[in-house]
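Visitor: Hi, I've got a model open and would like to talk it through with you. Can we just start somewhere and wander?
Guide: Happy to, let's have a look together.

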Amino acid sequence: MTSMTQDDPEITGGVDTHGLTHHAAVINSIGRHLADREFPATIRGYRDLLDWMRSQGTLVAVGVEGTGAYGAELARVLTAAGVTVIDVDRPDRKTRRMKGKSDPIDAYAAATAVLSVRSTGTPKSRDGMVEAVRVLRLARRSAVKARTQAMNQIRNLLVSAPAMLREQVAGLDRAVLIRALARLRPANRPHRSSLTTIGASESDDRHSTDSVRRAYSQRSRPLGSFE
């Protein structure tokens, strides 16, 4: 741990975050660029980043891009170490066209946004009950989307299926349709279904619809835990 004295200048940090690496920069109290450096996006890398920033002066605050994504864990580490963390928006397209795009530029921009008080947002903690509910809602949304896609595939397959197969499931609502499809078997397989088997062409369609029906049922099961 680097020790600071009362004569050390006050500095503000900024971090441009990515999946594998984070680029950090520090500026002084009047916005002068002091130094920048890249660190791996690992626990050790986060600690090294903090030690490096503190070695440059008295760290007042750090602006972090993407505290809800790539910068989430870094924000937690900095906050746990007693550092004031500010959520910084990524530069818009107009700014990037004017100033260019590079990791050092974005890191300095994050620090400048904090110093100039353009950014004042506090990052979400991403833990506790609120985060647990967010994760559950995300999982449920994904399951609902996958189930809807499977049902759309089933209906698309039935549009071009032989007439006798279409007639057996015509007008059925979603739940009844899935149960009816579950009872279908290809024509070349022995079965006890009350539904009639009728030839190779329909057998192929039954193979297809049954495969998608199984996918639909599998995607429906996780939804029960979210109700």
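Visitor: What does L34 touch, leaving out residues up to four places away in sequence?
Guide: In this predicted model, L34 is in contact with I11, V26, I27, N28 and Y108.

Visitor: And where is L34 placed?
Guide: L34 sits in strand 3. With a relative accessible area of 36%, L34 counts as partly exposed.

Visitor: How far is L34 from Q56, C-alpha to C-alpha?
Guide: The distance is 8.2 Å, with their positions 22 residues apart in sequence.

Visitor: How does strand 3 pair with strand 2?
Guide: Strand 2 and strand 3 run antiparallel and are joined by seven bridges. One pairing to look at is A24 opposite R37 in strand 3. The two strands form a hairpin with four residues between them, and G31 in that turn has a positive phi of about 90 degrees.

Visitor: Which way does strand 1 run against strand 2, parallel or antiparallel?
Guide: Antiparallel, with seven bridges. A hairpin of three residues joins strand 1 to strand 2, and G14 has A25 as its bridge partner in strand 2.

Visitor: What about strand 1 and strand 4, parallel or antiparallel?
Guide: Those two run parallel, joined by six bridges. V15 stands opposite V64 in strand 4.

Visitor: Is strand 1 enclosed or open, and why?
Guide: Strand 1 is largely enclosed by the rest of the structure, because seven of its eight residues are buried.

Visitor: On to the core. Which residues touch the most other members of the largest nonpolar core?
Guide: V15, M53, V62 and L78 do, out of 21 residues in that core. The elements giving two or more residues to this core are strand 1 (10-17), strand 2 (21-28), strand 3 (33-40), helix 1 (43-55), strand 4 (58-65) and helix 2 (72-80). Helix 1 gives the most, with five residues. As a general point, nonpolar side chains tend to be buried together in soluble globular proteins.

Visitor: What is V62 in contact with, beyond its neighbours within four places in sequence?
Guide: V62 contacts G13, G14, V15, M53, L78, V83, T84, V85, I86 and V114. Apart from the largest core lies another one, of eleven residues, including M151, A161, L165 and I178.

Visitor: Which residues of helix 2 are buried?
Guide: A72, L74, A75, V77 and L78 are buried in helix 2. What covers them includes strand 1, strand 2, helix 1, strand 4 and strand 5 (85-88). Just after helix 2, G82 has a positive phi of about 85 degrees.

Visitor: And R76, is that one buried or partly exposed?
Guide: R76, also placed in helix 2, is partly exposed, because its relative accessibility is 32% and the buried class stops under 20%. The C-alpha atoms of R76 and Y46 are 9.9 Å apart, although 30 residues separate them along the chain.

Visitor: New topic: how does the span of helix 4 compare with what its 13 residues should give?
Guide: It agrees: at 1.5 Å a residue, helix 4 (residues 103-115) should span 18 Å, and its end C-alpha atoms are 19 Å apart.

Visitor: What happens at the start of helix 4?
Guide: A side-chain oxygen of S102 comes to within 3.2 Å of the backbone nitrogen of I105. After helix 4 comes V117, with a positive phi near 65 degrees.

Visitor: Which residues of helix 4 are buried?
Guide: D106, A107, Y108, A110, A111, A113 and V114 are buried there. Y108 is also one of the residues that L34 touches.

Visitor: Zooming out, how many helices and strands does the protein chain have?
Guide: Eight helices and five strands, and from the N terminus their order is β-β-β-α-β-α-β-α-α-α-α-α-α. Of the 227 residues, 36% count as buried. Among contacts between residues at least 6 apart in sequence, 61% join residues at least 24 apart.

Visitor: Last one: where does pLDDT stay under 50?
Guide: Over residues 189-201, for which the model has 19 contacts beyond four places in sequence. Where pLDDT is low, the predicted coordinates should not be read in detail. For the protein chain, the average pLDDT is 78, and 68% of the residues score at least 70.

How values were computed
Residues are numbered from 1 along each chain as its sequence is written. This is a predicted model: local features need pLDDT of at least 70, side-chain atom pairs count only at pLDDT 80 or more; totals for chains, interfaces and linings use all residues. Side-chain values use heavy atoms; hydrogens and water are left out. A nonpolar core is a set of buried Ala, Val, Leu, Ile, Met, Phe, Trp, Tyr and Cys residues joined through side-chain atoms within 4.5 Å. Buried means under 20% relative accessible area, exposed over 50%, partly exposed in between (1.4 Å probe, protein chains only). Contact means heavy atoms within 4.5 Å. The expected span of a helix is 1.5 Å times one less than its number of residues. A polar contact is a pair of N or O atoms within 3.5 Å; within protein, one must be able to donate a hydrogen and the other to accept it, and residues adjacent in sequence count only if both atoms are side-chain atoms. pLDDT is the predictor's confidence in each residue, from 0 to 100. Two strands pair if DSSP finds at least two bridges between them.
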